[in-house]
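Student: I would like to learn how to read a structural model of this kind, one feature at a time. Could we go through it together?

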Amino acid sequence: MIAEKLSEVKSNLPQGVTLVAVSKTKPNEDILAAYEAGQRIFGENRVQELVDKYEALPKDIEWHMIGHLQTKKVKYIAPFVSLIHGVDSFKLLEEINKRAKKEERTIDVLLQFHIAQEQSKYGFDFDEAKTMLESQEFTQLENINVRGVMGMATFTENEEKIQDEFRTLNNYFEIFRSHFFKFNKSFEIISMGMSGDYKIAIEEGSNMVRIGSTIFGSRN
Ligand SMILES: *Cc1c(COP(=O)(O)O)cnc(C)c1O
């Protein structure tokens, strides 16, 4: 079942779009089913669950932290996490840098932007991120690599609105790329699109989609 769903989703993704299989709340055997079907990138949104799964499952899995990350919990995932999608403050970025340095590695991150209407969604707004990227303090962070941007659209049936929000994120990406990352070719990721809206996201330029329920079934 999982293998079938996975291959169905993959058949909808154009070349160059990376699939993050979102396995939050799902048991290890579900992850292994996707792993055996060839999937290697998995996304989780809780630190403890991410650590437990990392310890139990094959070591060639790339683990993405896609949820809101509290500063005090960075240390638990710093040794192994491949990409942190939800960076939404300088304070968090500083902590990731500090923990990465301790582990003698560089940690890849995405800047999360608040593009949705809902109050509850985390993320920078454009000016906040710009101010941070312009700051002296930002340039001193040597153990993080900002790989791109991430965002979540409003949960709505209104496709035009979703399209609009994804378009906004793509615009931010292009502006930041040309102003701050012109010489950093690894600033290249636009993480947007989930089960309900990934087709729209891809039309609007997404190259990384985070899909859970379509692959693993709905969550309780
Ligand atoms: C849960 C989650 C997803 C996946 O959602 P589905 O609707 O199950 O595909 C994607 N991104 C984030 C940040 C999530 O928390």
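Tutor: We shall look at strand pairing, then the ligand, then two backbone angles.

Tutor: This is a predicted model, in which local features need pLDDT of at least 70 and side-chain atom pairs count only at pLDDT 80 or more, while totals for chains, interfaces and linings use all residues. Residues are numbered from 1 along each chain as its sequence is written, and side-chain values use heavy atoms, with hydrogens and water left out.

Student: In which sense do strand 2 and strand 3 pair?

Tutor: Helices (H or I, at least four residues) and strands (E, at least two) are DSSP runs numbered from the N terminus, and two strands pair if DSSP finds at least two bridges between them. Here strand 2 (residues 41-44) and strand 3 (residues 62-65) are paired in the parallel sense over four bridges, with Glu44 opposite Met65. Between these strands the chain passes through helix 3 (residues 47-56), a β-α-β crossover that is right-handed; the term says that, with the strands pointing away from the viewer, the path from the first strand over the helix to the second runs clockwise. Strand 3 also pairs in the parallel sense with strand 4 (residues 83-87), over two bridges, and there Met65 stands opposite Ile84.

Student: Which residues surround the ligand?

Tutor: A residue counts as near a molecule if one of its heavy atoms lies within 4 Å of it; the residues around the ligand include Val22, Ile66, Met150 and Gly212. For polar contacts one looks for a pair of N or O atoms within 3.5 Å. An N or O atom in the side chain of Lys24 is 2.7 Å from a ligand oxygen atom, a polar side-chain atom of Ser195 is 2.6 Å from one, and for the side chain of Arg219 the distance is 2.7 Å.

Student: Where are the residues with positive phi?

Tutor: Thr25, which is not a glycine, has phi near 70 degrees and lies in the loop between strand 1 (18-22) and helix 2 (28-36). Glu104, also not a glycine, has a positive phi of about 55 degrees and lies in the loop between helix 5 (90-102) and strand 5 (107-113).

Conventions
Polar contact = N/O pair within 3.5 Å; in protein donor to acceptor, adjacent residues only side chain to side chain.
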